[in-house]
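Work through the exercises below with the sequence and the coordinates at hand. Each task is followed by a stepwise solution.

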Amino acid sequence: MTIDRRGAILGAAFVACAGLTAFRRPLEGASPISTKAFAASIPAKVGGWTAEKSSEVVLAAPDETSDKLYQNLETRIYLGAELPAIMFLCAYSNVQKNDVQVHRPEVCYPASGYPITKNVAEKITVGNQDINARFLIADRGGLREMILYWTRVGKSFPVDWRSQRIEMAKANLSGKIPDGVLLRVSTIMEEERSARKLLMQFIEQLRLSSDSALNPLIFG
């Protein structure tokens, strides 16, 4: 069988593409964290608050991919004497690719029947770390849930789905599979400024109370 010049060029191009794909295939990823170790890393006491398990925290609606979303998920409510209750969610996966990526509250709240009435991106500072976060207000049937959250993908803090996927693609091109975390705190309050101040106070106390394993995981 003879191969003409055009066939030889096309064949060489296909081989080159296959080689580049294999070369660029992400190989390096973060190690998984056991459920027990993840739960233990989250402090039971944060400033004047003490944690309790809670079923009142809004979660992503279960579907056929729900088992793949997170390897680790902790939801708690933090209570303290004369302090507003803080609802807490921390979700982690050591793999962020395709349909396996953190879900954003502006999606799961409306899906649970709680419309979002405010959604703004803002930069916060926790310790010495600048973080791109989002502040939301959700209508909980006459109550206003004030929500502050961020996602970390690899070493970045993307503020929306588009930037989240861009960060995943950039990590893949460098030969890495990024890990991802969603950190969300919220409280039921009427006055927005007071809620923001309270949530930032809790986050700073969380940083001070967290161990050396949790801090880099959620604060980068």
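**Exercises on a helix and a sheet**

In this predicted model, helix α5 is followed by G175, whose phi is positive, near 90 degrees.

**Exercise 1.** Compare the expected span of helix α5 with the distance between its end C-alpha atoms.

Solution.
- Helix α5 covers residues 161-173, which is 13 residues.
- The expected span is 1.5 Å times one less than the number of residues.
- This rule gives 18 Å for α5, and the end C-alpha atoms are 18 Å apart, so the two values agree.

**Exercise 2.** Determine which residues of α5 are buried and which are exposed on the other side.

Solution.
- Buried means under 20% relative accessible area, exposed over 50%.
- By this criterion S163, Q164, E167, M168 and A171 of α5 are buried.
- These residues lie on the same side of α5, because they cover an arc of only 145 degrees around the axis.
- R162, K170 and L173 are exposed on the other side of α5.
- The cover over the buried residues includes β8 and β9 (176-177).

**Exercise 3.** Identify the residue that caps the N-terminal end of α5.

Solution.
- The cap is D160, with a side-chain oxygen 3.4 Å from the backbone nitrogen of R162.

**Exercise 4.** Establish the strand order of the open sheet and name its edge strands.

Solution.
- The 8 strands are ordered β2-β3-β4-β5-β10-β8-β7-β6, with antiparallel pairing.
- β2 (45-46) and β6 (116-126) each pair on one side only, and are the edge strands.
- β2 is joined to β3 (residues 49-53) by 2 bridges; V46 has W49 of β3 as its bridge partner.
- Helix α6 (residues 192-209) lies across the strands β2, β3, β4, β5, β6, β7, β8 and β10, at about 40 degrees to β6.

Note on methods: Residues numbered from 1 in each chain as written. Predicted model: local features only at pLDDT ≥ 70, side-chain atom pairs only at ≥ 80, totals over all residues. Heavy atoms only, no water. Pairing = 2+ DSSP bridges. Helix = DSSP H or I, 4+ residues; strand = E, 2+ residues; numbered from the N terminus. Contact = heavy atoms within 4.5 Å. Axes fitted to C-alpha atoms, helices over the stretch in contact; angles between N-to-C directions. Buried < 20%, exposed > 50% of the residue type's maximum accessible area, 1.4 Å probe, protein only. Arc of directions from axis to C-beta. Polar contact = N/O pair within 3.5 Å; in protein donor to acceptor, adjacent residues only side chain to side chain.
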